[in-house]
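Please open the structure in a viewer and keep the selection panel at hand. The tour below proposes what to select at each stop and describes what is found there.

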Amino acid sequence: MIELDRAGRSFKVRRTVVHAVRDLSFTVGRGEFVGCLGPNGAGKSTTIKMLCGILTPTSGSVRVAGLDPSRRRTALARRIGVVFGQRTTLWWDLPLADSFQLVRHLYKVDRRTFAERLDELCETLDLGTFLRTPVRQLSLGQRMRGDLAAALLHAPEVLVLDEPTIGLDVVSKAGIRDFLLRLNAERGTTVLLTTHDLGDVERLCRRVVLIDHGRLAFDGTLAGLMATVPGRTTIEDVVTHLYTAGRRAAASPAEEPARALRRARDQ
Ligand SMILES: Nc1ncnc2c1ncn2[C@@H]1O[C@H](COP(=O)(O)OP(=O)(O)OP(=O)(O)O)[C@@H](O)[C@H]1O
């Protein structure tokens, strides 16, 4: 459902080139729920932007649902839902319900299907009490539930989430996590989630990819990730160890971060 083949994206910043993503390859199969981890600046958001077609890879290739995202953005939009936790896609001054109507028109969802989906999303995401509230007046937790509903009104096969639980309290987080688990289990929606919240990964993801300095540093199960650093018992501990090893390696130009991570786990 998602395929990256040696994908890279660099940016020219004045006279230098920033390699945000380098030679990144991994695939996500239909119905999988994959967590994407990595330290700040690792290249996670850049990867997500390539998957949605917002950014074009400068090397390698990316495909989502069999489509090249940057060339087939409109066709892809019907098959993918995207939520950026730090940025809303809703209309700030309109009531939430009006934003949903605009989404309905954008995606050409017929009235009856829209009404059925909205009813279901209102119930599962508990949107009923604030449907008439302008988006700018919503709490962060309410806004996030609204954003999730908007991303799902056209029933996409793939859902890409960039830090969907950022800033949420424990109860709101639990609600969103339960919703995502049900969506994946009952609808078979493929989910790729980037997060700094390791609780999200523990609760939701059967598989984890770890990106460091734009490169793939790990791809496997959560148990496999834990086993990379023997003797560490919590995921926080393991991830801290791996991120620190990656940072140390980046400071030593002779060694590439992914190799350093492998070395760190062998120690
Ligand atoms: N438009 C841009 N122009 C120049 N550099 C960029 C641009 N977008 C991202 N970068 C750089 O690419 C690198 C990766 O950034 P990216 O936002 O993908 O990281 P991230 O893993 O999502 O980080 P975070 O966890 O902090 O959100 C960083 O060094 C960043 O400064």
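Begin by selecting R207 and T221: in this predicted model, T221 of β9 is the bridge partner of R207. Extend the selection to both strands, β8 and β9, which pair in the antiparallel sense over 6 bridges. Between the two strands of this hairpin lie 2 residues, and H213 in the hairpin takes a positive phi near 50 degrees. As background, most residues other than glycine have a negative phi.

Keep R207 selected and add V34. R207 in β8 is also the bridge partner of V34. The strands concerned are β3 (residues 33-37) and β8 (residues 207-212), paired in the parallel sense over 4 bridges. Is β8 enclosed or not by the rest of the structure? Of its 6 residues, 5 are buried, so β8 is largely enclosed by the rest of the structure.

**The sheet of six strands**

Now display the whole sheet to which these strands belong. Its 6 strands follow the order β5-β6-β7-β3-β8-β9, the sheet is open, and the pairing is mixed. Select β5 (80-84) and β9 (215-221) to see the edges: each has a single partner strand, so one side of each is left without a neighbour in the sheet. From one strand to the next, the twist averages 15 degrees.

**Two loop residues beside β6**

Stay with β6 (158-162) and select the loop that joins α5 (140-152) to this strand; A155 is found there. What is the sign of phi at A155? The angle is positive, at about 50 degrees, although A155 is not a glycine. A155 is partly exposed because 14 other C-beta atoms lie within 10 Å, a count between the limits for exposed (12 or fewer) and buried (20 or more).

Next, select E163, in the loop between β6 and α6. E163 is not a glycine, yet its phi is positive, at about 50 degrees. With 19 other C-beta atoms within 10 Å, E163 is classed as partly exposed.

**Helix α6 and R177**

Proceed to helix α6 (residues 170-187) and select R177 within it. R177 is partly exposed, with 19 other C-beta atoms within 10 Å. Which residues does R177 touch, leaving aside those up to four places away in sequence? They are D200, R203 and L204. A distance label between the C-alpha atoms of R177 and L204 should read 7.0 Å, although the two residues are 27 residues apart along the chain.

**The sheet of three strands**

Select β1, β2 and β4 for the second sheet on this tour. This open sheet of 3 strands has the order β2-β1-β4, with antiparallel pairing. Its edge strands are β2 (16-28) and β4 (59-64), each of which pairs on one side only. Neighbouring strands here are turned by 30 degrees against each other on average, direction ignored.

Within this sheet, focus on β1 (residues 2-13) and β2, which run antiparallel and are joined by 9 bridges. To find one of the paired positions, select V13 and T16: T16, in β2, is the bridge partner of V13.

**Helix α9**

Move to helix α9 (residues 235-251) and display a distance between its end C-alpha atoms. At 1.5 Å a residue, the 17 residues of α9 should span 24 Å, and the end C-alpha atoms are 24 Å apart, which agrees.

Colour V238, V239, L242, A245, G246 and A249, the buried residues of α9. On which side of α9 do they lie? They cover an arc of only 130 degrees around the axis, which puts them on the same side of α9. The general geometry of an α-helix is useful here: with 3.6 residues a turn, residues three or four places apart point the same way. Then colour E236, T244 and A251, exposed residues carried by the face of α9 turned away from its buried side.

**The whole protein**

Finally, clear the selection and view the complete model. The protein has 10 helices and 9 strands. Its C-alpha atoms fill a box of roughly 60 × 40 × 35 Å, taken along the principal axes. For 267 residues, a compact globule would have a radius of gyration near 18 Å; the protein has 19 Å, which agrees. Buried residues make up 42% of the 267 residues. Among contacts with a separation of 6 or more, 65% involve residues 24 or more positions apart.

Methods. Residues numbered from 1 in each chain as written. Predicted model: local features only at pLDDT ≥ 70, side-chain atom pairs only at ≥ 80, totals over all residues. Pairing = 2+ DSSP bridges. Axes fitted to C-alpha atoms, helices over the stretch in contact; angles between N-to-C directions. Contact = placed C-beta atoms within 7 Å. Rg over C-alpha atoms; globule rule 2.2 N^0.38 Å. Expected span 1.5 Å × (residues − 1). Arc of directions from axis to C-beta.
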